[in-house]
Amino acid sequence: MRSELLRKAFIAAGLPEDLLQVVHLSLELAEALIKNPLINFSPGEVRGTVERAKYMISIAKSSLADMELKDTDKPGLRRFIKLVPLGVVLVIAPWTYLYLPSINSVLPAILAGNSVILKPSPQTPLTGELLRKAFIAAGLPEDLLQVVYLSPELAEALIKNSLIKFVSFTGSVARGHLVAKEATLSSAFKGVALALGGKDAAYVREDAGLDYTTAKLVNGAFFNSGQSCCAMDRIYVHQSKYDDFVKKLVEIAKTYKCGDPTKEDVNLGPVVTVGSADLIRKQVQDVPDDKEALYLTKYSKYGLTASIWTNAAGATKSEEAFLELCQA
């Protein structure tokens, strides 16, 4: 029954039959416009949100079913694991993407029988309300999903509140540490799910095909103005390829147009704060060799999706070098 209500929620919001209508509705929210992806990319996020929601709904019944332990049961004994609702789940959503991170936590919590308190980022506050209206339009009880706007101090108090049984947080590493600590200090035992940001690196070896590699890395770095948990934040390039790589990167970068994200001819919007822009400018340094480049790529405390770019399939020596680096 709950799965059907959720399915109706997305239909009520105009999804997926009228994606553009929903996109334009969300883009009317000023806070979302200033901070979030460009109008050209928004349909992709909405479409991805619908696809993610449909998939989670499709697996809800099997995922939440009792887990039988027949293989290890003794005669006359039946054991099974039953999944039951926790109660109230607190979801703290980020500003980087408006809907995907929220639906990743809100939807499974409701499907599992819980009620949800959604705290959107103060930089994109109205997106949470838009999501709530979609659920209500489908017939979901109004109090089942509530949206709150809190200061850091009040958010901390809510995390510690004994009525909150689970906390799902998406955001920075520093804030993730605080959320985990605050939940631990609560008088009640509660679970915490943390989806934290990264400082992902790529290493371009001397045998990498630059046309393909540069295009992919520029897209990985600039998509959503680089404001993504798995964005390409650091690129290490072999010295013999460095000048050509930079030349191609500049050529591709010049095709990007930075400006008002509501304009359809703009494909690069602003980053969220001046501080973020200053930090980006600092991330340039020279690396002496393969070994150091690999070390910096792999052993960052913020690592999430590091990659090595090489033509491993093109030559035996390249493949051997690639495997050696991977195992280092």
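The following exchange concerns helix packing in a predicted model.

Reader: How are helix α4 and helix α5 oriented to each other, parallel or antiparallel?

Author: Helix α4 spans residues 42-63 and helix α5 spans residues 100-111; their axes come within 10 Å and cross at roughly 20°. Angles under 35 degrees count as roughly parallel. Helix α4 is therefore, with respect to α5, roughly parallel.

Reader: Which class, nonpolar, polar or charged, has nine residues in the contact of α4 with α5?

Author: On the α4 side, the contact includes Gly48, Ala53, Met56 and Ile57, and on the α5 side it includes Leu100, Ile103 and Leu107. The residues of this contact divide into three polar, two charged and nine that are nonpolar.

Reader: What angle do helix α7 and helix α8 make where they pack?

Author: Helix α7 covers residues 152-160 and helix α8 covers residues 173-184, with axes 8 Å apart. The two helices are therefore oblique to each other, and their crossing is right-handed. The angle at which they pack is about 45°.

Reader: How many charged residues are in the contact of α7 with α8?

Author: Glu156 and Lys160 are among the α7 residues that meet α8, whose partners include Arg175 and Glu182. By class, the contact has five nonpolar residues and no polar ones, and the number of charged residues is four.

Reader: Which residue with a positive phi follows α6?

Author: Helix α6, residues 126-137, reaches 17 Å from its first C-alpha to its last, close to the 16 Å expected. Its buried residues include Leu130, Leu131 and Phe135. After α6 comes a residue with phi near 105°, namely Gly139.

How values were computed. Residues numbered from 1 in each chain as written. Predicted model: local features only at pLDDT ≥ 70, side-chain atom pairs only at ≥ 80, totals over all residues. Heavy atoms only, no water. Axes fitted to C-alpha atoms, helices over the stretch in contact; angles between N-to-C directions. Helix = DSSP H or I, 4+ residues; strand = E, 2+ residues; numbered from the N terminus. Parallel < 35°, antiparallel > 145°, perpendicular 65-115°, else oblique. Contact = heavy atoms within 4.5 Å. Nonpolar A, V, L, I, M, F, W, Y, C, P; charged D, E, K, R; others polar. Expected span 1.5 Å × (residues − 1). Buried < 20%, exposed > 50% of the residue type's maximum accessible area, 1.4 Å probe, protein only. Left-handed = near helix turned anticlockwise from the far one by under 90°.
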